[in-house]
Amino acid sequence: MPVVSFWNPVETSQASTTSSIAAVATMLPAKCKYRTLITQTHYSDFSLESAFFNMDKLGNKGALDIADTGVDALDRLLRSNKLSPESIPNYAKPIYKGERLELLYGTFKNDLDSYSRILETFPIIVDYASQFYDIVFLDLNKGSSNQEIMKILQKSDLIVLTMSQSMINLKKTFKAMDTLKILQEKPIIPVIGKYDRFSDFSDMNIKRVFNYKKGRLYTIPYNTKFFDACNKGELRSFIATNINADPALDRNGFFINETGKLVDAILNNLSSKLIDR
């Protein structure tokens, strides 16, 4: 089943990749019943996990036994030839019931050698996960120099190319779209995170400046309440509370509406690879 990678090719960019994938994944169960897994490849960064759960509280309660949790546990099973697609949900944490959205913790390894070994097995773990889940969402490291990340991108059925309204970032990202082989081989959906609709660098102006004619630029608006929810581990509650808010009258409704357009675009792109549920 399809793998969707959220990624920016510029290592120094601030492209809101993690917040964008978190918003999209949390919106998905409101639109479909696909079994979905979300995970990440970052080193010593649990921003994705923290959007859904209070990691400090989980740690205090002993719920983060790293030997039996997330990517680290799957790496251990894989190296002992005990990993199977059906076993992956045992090491993931449900966000919505019925496997509609589950989170696989990223690695807790805190030294670079161990982290590098995890990245080596990560593409194989993705293969196993895609055999069980209908959709696998991946929050990937920025930049195009890491060979393991490039291997994961090669396995992806769709790349959601994240960017900001920074002209420096935009120039580098659009240049990468023209020069990087992976971005020419794979289907791409571009999205501007933390989008300010009142900026001079609107989506339409960005398209015009860079002569982008391959489709629309999607946006995930900047929203204070959304980021507050991510900081508190309450993203699911924020989405559920505002799912029917009026986009014309409510800033949260506008956020939901714009994010929903991106969710629809992703589902439409994957439609030929998905099984109806």
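**Salt bridges and the surroundings of Asp127**

Asp127 counts as partly exposed, at a relative accessibility of 29%. The model described here is predicted, and six salt bridges are found in the structure. Asp127 takes part in one of these, in which its side chain meets that of Lys155 at 2.9 Å, taken from N to O. This pair links distant parts of the chain, as Lys155 belongs to helix 6 (residues 147-155) whereas Asp127 belongs to helix 5 (residues 112-132), with the two positions 28 residues apart in the numbering. Lys155 has a relative accessible area of 34% and is likewise partly exposed; because the partly exposed class spans the range between the 20% and 50% limits, the values of 34% for Lys155 and 29% for Asp127 place both partners of this bridge in that class.

Asp127 also makes a contact through its main chain, in that its backbone oxygen lies 2.8 Å from a polar atom of the Ser130 side chain. Ser130 is located in helix 5, the helix that also holds Asp127. With a relative accessible area of 12%, Ser130 is buried, in contrast to the partly exposed Asp127. When residues up to four places away in sequence are left aside, Ser130 touches Met1, Val3 and Val136.

Two further salt bridges are each contained within a single helix. In helix 12 (residues 251-270), Lys261 and Glu258 are three residues apart, which corresponds to about one turn of the helix, and their side chains meet at 3.0 Å, N to O. The two partners fall into separate accessibility classes, Lys261 being partly exposed at 32% and Glu258 being buried, with a relative accessible area of 9%. The value for Glu258 is 9%, and this residue is therefore classed as buried, a term applied under 20%.

In helix 8 (residues 181-185), Glu185 and Lys181 are four residues apart, again about one turn of the helix, and a salt bridge joins their side chains at 3.7 Å, N to O. Here Glu185 is partly exposed, at 42% relative accessibility, while Lys181 is exposed, with a relative accessible area of 60%. Since the exposed class begins over 50%, Lys181 at 60% belongs to it, whereas Glu185 at 42% remains partly exposed.

Technical notes:
Residues are numbered from 1 along each chain as its sequence is written. This is a predicted model: local features need pLDDT of at least 70, side-chain atom pairs count only at pLDDT 80 or more; totals for chains, interfaces and linings use all residues. Side-chain values use heavy atoms; hydrogens and water are left out. A salt bridge is a side-chain nitrogen of Lys or Arg within 4 Å of a carboxyl oxygen of Asp or Glu. Buried means under 20% relative accessible area, exposed over 50%, partly exposed in between (1.4 Å probe, protein chains only). A polar contact is a pair of N or O atoms within 3.5 Å; within protein, one must be able to donate a hydrogen and the other to accept it, and residues adjacent in sequence count only if both atoms are side-chain atoms. Contact means heavy atoms within 4.5 Å.
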